[in-house]
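This briefing covers two sheets, a ligand site and an unusual loop. The sequence and the structure are shown first, and the points follow by topic.

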Amino acid sequence: MNPEQYGEHTRAVHHAPPTPVLQRPLSPPVHRTTAFAFDSAQEMAEVFAGAPGWSYSRTDNPSAADFARAVADLEGAEAGQSFASGTAAVTAILVAFTSVGAHVVAPREVYGGTWGLLVNQLSRFGVATTFVDFSDIATVRAAITPATTLLWGEVLSNPTMAVTDLPALAEVARGAGIPLAVDATFASPAMCRPIEHGVDLVVHSATKYLGGHSDVTGGVMVGRSDLVARVRQVRIDTGAALSPDDAVLLHRGLHTLPLRVARQCATALEVARALEQHPAVERVDHPGLPSHRDHALALRLLDEGRYGAVLTVTPRGGRSAGMALVDRLQLIARATSLGGTVSKAVHIASTTHRMLTPEALAAGGIGEGAVRVSIGLEDPADLLADLEQALAQL
Ligand SMILES: *Cc1c(COP(=O)(O)O)cnc(C)c1O
């Protein structure tokens, strides 16, 4: 291109091609572009027909793809896809493996957003879901019918931190000849890699531990290449692409994932142990505690010393005590979500689980005063002191 031959406005928008970079950038570049230019019509036709290459960023973007591949490597998966949010990733899997008349089996405690998607949206397209108690694998097996096309699980449940017996669940799915997808958001690959236990597809809200700094919304799913390809097509068709800027921030989060998660889990266990002894506390749910129903499963399936960085504290005194505990915190933020650097607390019955009746809460093992605490990177003594001063005032 000879710039001299063009007018001012043309020269303002047409530039020489980017300088070829022969060395590898140490950090992933932000490929902030919506479209890619080709050298020939033939090359363009080939990429549109599926040859490796880039055409349009909703279809595929190198920054978004590099983040997904990095997560796939951490999980020991063949392939991965990234998404605009965790919910977008969950949606794409559910849509990819269901159609009119299909049936899904999911945990009774399934994440609220996933529950809403199944009950409020997919049901309108003729997809039925049975929610069962995943602590009883025989119940899960019994819920599967000839119409079942997908088994949905979670590594750790919200907020009681129930641990799923992944190898047993994988055997149920294999026996039924259907894929098993699990939401591993509460675990992250720095605690558990479900593919090692026979799971077909793993999905994360990258908004939580993977990003790790409470500043990016994103999602990712990984697994067997043929299954991932089906989910990628739904991502493209529903427009759920992750932005390149967010992909690079999430990718950066992965660098410190094991460091952050190991420390957050160690702090969570320390806080859980101390609060379990506190006279104002009725109950603490954390799988690292021998008192937790799934402690043995946690020791078997989760990495040593990393039993989750979320704990649920139920003070004596019911709903008002739970809300007062949250009100009196001075350091821990009154905020939802998890996995960030700053610790957060939420009164469960009035926020994330507000649609549940007192009976449904009780059936799920959630006290009316239960408070979920997501542990961040602060000094453990400071977090404990904050919780203790709040409990002392109840
Ligand atoms: C947050 C969360 C999601 C949804 O992710 P978003 O990024 O908020 O869309 C799904 N599953 C679990 C377990 C979560 O915690």
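**Briefing on the predicted model**

Helix H12 (residues 318-328) lies across four strands, E9 (310-315), E10, E11 and E12 (371-374), and runs at about 155° to E11. The model is predicted. The strands that H12 crosses belong to an open sheet of five strands, and a further open sheet has seven strands.

**Five-strand sheet**

- The strand order is E8-E9-E12-E11-E10, and the pairing is mixed.
- Strand E8 (281-285) and strand E10 (333-334) are the edge strands, each pairing on one side only.
- E10 runs parallel to strand E11 (residues 344-347), and two bridges join them.
- Ala 333 has Lys 344 in E11 as its bridge partner.

**Seven-strand sheet**

- Here the order is E1-E7-E6-E5-E4-E2-E3, again in an open sheet with mixed pairing.
- Strand E1 (79-83) and strand E3 (128-132) each have a single partner strand, so one side of each is left without a neighbour in the sheet.
- On average, and with direction ignored, neighbouring strands of this sheet are turned by 20° against each other.
- Strand E2 (residues 103-107) pairs with E3 in the parallel sense over five bridges.
- Within this pairing, Pro 107 stands opposite Val 132 in E3.
- Helix H4 (residues 86-96) lies across E1, E4, strand E5 (180-183), strand E6 (201-205) and strand E7 (219-223).
- The angle at which H4 runs to E6 is about 155°.

**Ligand site**

- The ligand is surrounded by Ser 85, Gly 86, Thr 87, Tyr 111, Asp 183, Thr 185, Phe 186, Ser 205, Thr 207, Lys 208 and Gly 218.
- By class, the shell around the ligand holds two nonpolar, seven polar and two charged residues.
- Gly 86 places a backbone N or O atom 2.9 Å from an oxygen atom of the ligand.
- In the side chain of Asp 183, an N or O atom is 2.6 Å from a nitrogen atom of the ligand.
- The side chain of Thr 207 has an N or O atom 2.6 Å from an oxygen atom of the ligand.
- The ligand taken alone exposes 380 Å², and the protein buries 89% of that.

**Loop between E4 and H7**

- Most peptide bonds are trans, and most residues other than glycine have a negative phi.
- Asn 158 and Pro 159 are joined by a cis peptide bond, with omega about 0°.
- Pro 159 is placed in the loop between strand E4 (148-154) and helix H7 (166-176).
- Met 161 also lies in the loop between E4 and H7.
- Although Met 161 is not a glycine, its phi is positive, at about 60°.

Technical notes:
Residues are numbered from 1 along each chain as its sequence is written. This is a predicted model: local features need pLDDT of at least 70, side-chain atom pairs count only at pLDDT 80 or more; totals for chains, interfaces and linings use all residues. Side-chain values use heavy atoms; hydrogens and water are left out. A residue is near a molecule or strand if one of its heavy atoms lies within 4 Å of it. A polar contact is a pair of N or O atoms within 3.5 Å; within protein, one must be able to donate a hydrogen and the other to accept it, and residues adjacent in sequence count only if both atoms are side-chain atoms. Accessible areas come from the Shrake-Rupley method with a 1.4 Å probe; for residues, only the protein chains shown count as cover. Ala, Val, Leu, Ile, Met, Phe, Trp, Tyr, Cys and Pro count as nonpolar, Asp, Glu, Lys and Arg as charged, and the others, Gly among them, as polar. Two strands pair if DSSP finds at least two bridges between them. Contact means heavy atoms within 4.5 Å. Axes are lines fitted to C-alpha atoms, for helices over the stretch in contact, and angles run from 0 to 180 degrees between N-to-C directions.
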